[in-house]
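This report goes through one molecular model by its sheets, helices, a pocket and a few backbone details. Please keep the sequence and the structure in view while reading.

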Amino acid sequence: MLEHRAKLDKHLPSLMELAGKAIFSQALALIQPGHGPVLLIAGPGNNGGDALEAAAQLSAAGYTTDLIRLGEDAARSAEAQLALNKVLHAPVQHLPADTPLISSIRQPAYQLIIDGLFGIGLNKPITGTAAQLVVRINNYTSVSGCPLLAIDVPSGLHAETGAVVGGEAGCCIAATHTLSLIGNKPGLHTADGKQLAGQVLLDDLQLAAVDHSEYVACLTDPSQIGCHALSRKANTHKGSFGDVAIIGGTRGMAGAGVLAARAALFGGAGRIFLVQPDVELKLDMLHPEIMCRDAAQFEFNQQVVVIGPGLGQDQLAIDLLRAAIQHPYPVVIDADALNLLATKPELAAQLKTRTAATLLTPHPLEAARLLAFSTEQVQQNRAMAAKELAQRFGSHIILKGAGSLLCGPQDRHYRINSSGNPGLASGGTGDVLAGLCGALLAQGMEVGEAAALACWAHGAAADALVAAGSGPIGLHASELLPVIRSLLNHRVAGGI
């Protein structure tokens, strides 16, 4: 849409020329003069035309430039034809598409590969010669350590969903850097794109003044999350910061409830109750501030309820979930409670009638159960799944995973959480997130903002631990808690 509008603006230079300059500029940040040639891959579309423009500029600047072209030159757009003409009159070495990169490494080796094979318009799996080229490029960069700059999106990645086009039947460039042109692409920040895009860079091609009001997603920006509700006045008491009831931690799964309760404690809630269907714990010896209660005798008052971590699936669990849905205060539904919702349509129907804030925090398998989809269907279009969940259950959603997605039932746009890493793929981290959400809601945050801040702090804590050498291998849920507390205090004090 923005690209179309820009083409109608006669005051702007050719977008392909601007793209070529942007790619050239970014290439200069990744290479050094005299340290080896640059290889560019130009596909048949305008993404390939951008690569041709960049090849012409690199060659003109004195860099040894190799080029592989795919597609019929006669079928290229008028802009791409102009770019091709520049390349054909420049000292660029043209290589066949079947060049065996590893066995034919020229000396010195490539110091950068630029992927302009396919862009955002790809709607079917890469096959044939192009697929073989993708495999050779990925093998080369894996063996050589050569950086790979993708233009707009890594070839083979769906720009909106972040899934590899064609799923298991498809293939995709694994970039170390992606230069997203005009606007950011949601798929670069979620699902497979979280890894395949590498470091995401942005160049608006001088279109900053063009109307961006039709965007569909935004990245979570902690500085833009309204968290004034977390500020502490001098004349307060524990009741000022709300109560959280964690309902779960049944026999054999006590740890899930404990982790959620501890997260609510470190997240700043005033009082925390661990409400257990089977009273396995009478005291959390590490954090005796948490009050343990028997679920069969617990009375719902004005607590924010977090239900699901280690809840179980028996009749008592169903009764507790029904009571939580009828509770006129905010509710966070996670884990076993989500699985019960998927099998109890009457509870799902009641959920949609709630007027108090409701937040569901499924991982992809739980989302698939709730939607009667396969997990692969959820992962192939995470945004669609999150929006469908929000509308079907009348609730706010955190669809967990690489680039967690957040949306509400009335939202036009969705958020993509910008923090986090594979260290979070371990048992108990989801329980921590649920408890943290409950704590922020108890302190008075609006549900969408609470979900966004909880997701960001949860992921940022994992990022801080990895940066300190405590992950991603071996990172565990309990380690997140003190780091989350520090991040929240820093954010409220005016930091990021």
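The text below starts with the basis of the model and then takes its elements in groups.

This is a predicted model, in which local features need pLDDT of at least 70 and side-chain atom pairs count only at pLDDT 80 or more, while totals for chains, interfaces and linings use all residues. Residues are numbered from 1 along each chain as its sequence is written, and side-chain values use heavy atoms, with hydrogens and water left out.

**The ten-stranded sheet**

An open sheet of 10 strands has the order β8-β17-β16-β15-β14-β13-β12-β9-β10-β11, with mixed pairing. Its edge strands are β8 (217–219) and β11 (291–294), each of which pairs on one side only. From one strand to the next the twist averages 20°. Helices (H or I, at least four residues) and strands (E, at least two) are DSSP runs, numbered from the N terminus. Two strands count as paired if DSSP finds at least two bridges between them. Strands of a sheet pair through backbone hydrogen bonds, either parallel or antiparallel.

Strand β15 (residues 396–399) shows both senses of pairing. With strand β14 (residues 358–360) it runs parallel, joined by two bridges, and Leu-360 stands opposite Ile-397. With strand β16 (residues 405–407) the pairing is antiparallel over three bridges, and Leu-399 has Leu-405 as its bridge partner. His-396 and Ile-398 point one way from β15, Ile-397 and Leu-399 point the other way, and all are buried; buried means under 20% relative accessible area, exposed over 50%, and partly exposed in between (1.4 Å probe, protein chains only). Five residues lie between the strands in the hairpin of β15 and β16, where Gly-401 takes a positive phi near 140°.

Towards the β11 edge, strand β10 (residues 271–276) and β11 run parallel and are joined by four bridges. Met-291 in β11 is the bridge partner of Phe-273. Helix α7 (residues 254–266) lies across β9 (243–247) and β10, at about 170° to β10. Helix α8 (residues 315–326) packs on the sheet and touches β9, β12 (304–307) and β13 (331–333), its direction making about 150° with that of β12. For these angles, axes are lines fitted to C-alpha atoms, for helices over the stretch in contact, and the angles run from 0 to 180 degrees between N-to-C directions. Contact means heavy atoms within 4.5 Å.

**Enclosed elements**

Helix α9 (residues 336–343) is largely enclosed by the rest of the structure, because six of its eight residues are buried. These are Asp-336, Ala-337, Leu-338, Asn-339, Leu-340 and Leu-341. They pack against β12, α8, β13, α10 (345–352), β14 and α11.

Strand β1 (residues 38–42) is also largely enclosed, since five of its five residues are buried. Val-38, Leu-40 and Ala-42 point one way and Leu-39 and Ile-41 the other. β1 runs parallel to strand β2 (residues 65–69), with five bridges between them, and Leu-39 has Asp-66 in β2 as its bridge partner.

Glu-53, in helix α3 (residues 46–60), is buried, with a relative accessible area of 4%. Leaving aside residues up to four places away in sequence, Glu-53 touches Met-16, Glu-17, Gly-20, Ala-83 and Lys-86.

**The second largest pocket**

The volume of this pocket is about 750 Å³. Its lining has 31 residues, of which Lys-400, Gly-401, Ala-402, Leu-424 and Ala-425 lie nearest the centre. A pocket is an open set of points on a 1 Å grid over the protein atoms alone, where a 1.4 Å probe fits, with protein on both sides within 12 Å along at least five of seven lines; lining residues have an atom within 4 Å of a point. Grid points are joined across faces, edges and corners, and the volume is the space filled by probe spheres set on the points.

The lining of the second largest pocket divides into nine nonpolar, 17 polar and five charged residues. Here Ala, Val, Leu, Ile, Met, Phe, Trp, Tyr, Cys and Pro count as nonpolar, Asp, Glu, Lys and Arg as charged, and the others, Gly among them, as polar. α6 (193–196), α11 (364–371), α14 (429–442) and α15 (447–467) each supply at least two lining residues, and α14 gives the most, with four.

**Backbone details**

Two alanines have a positive phi.

| Residue | Phi | Loop | Relative accessible area |
|---|---|---|---|
| Ala-191 | near 55° | between β6 (177–181) and α6 | 14%, buried |
| Ala-372 | about 55° | between α11 and α12 (375–380) | 71%, exposed |

The peptide bond from Gly-471 to Pro-472 is cis, with omega near 5°. Pro-472 is in the loop between α15 and α16 (477–492).
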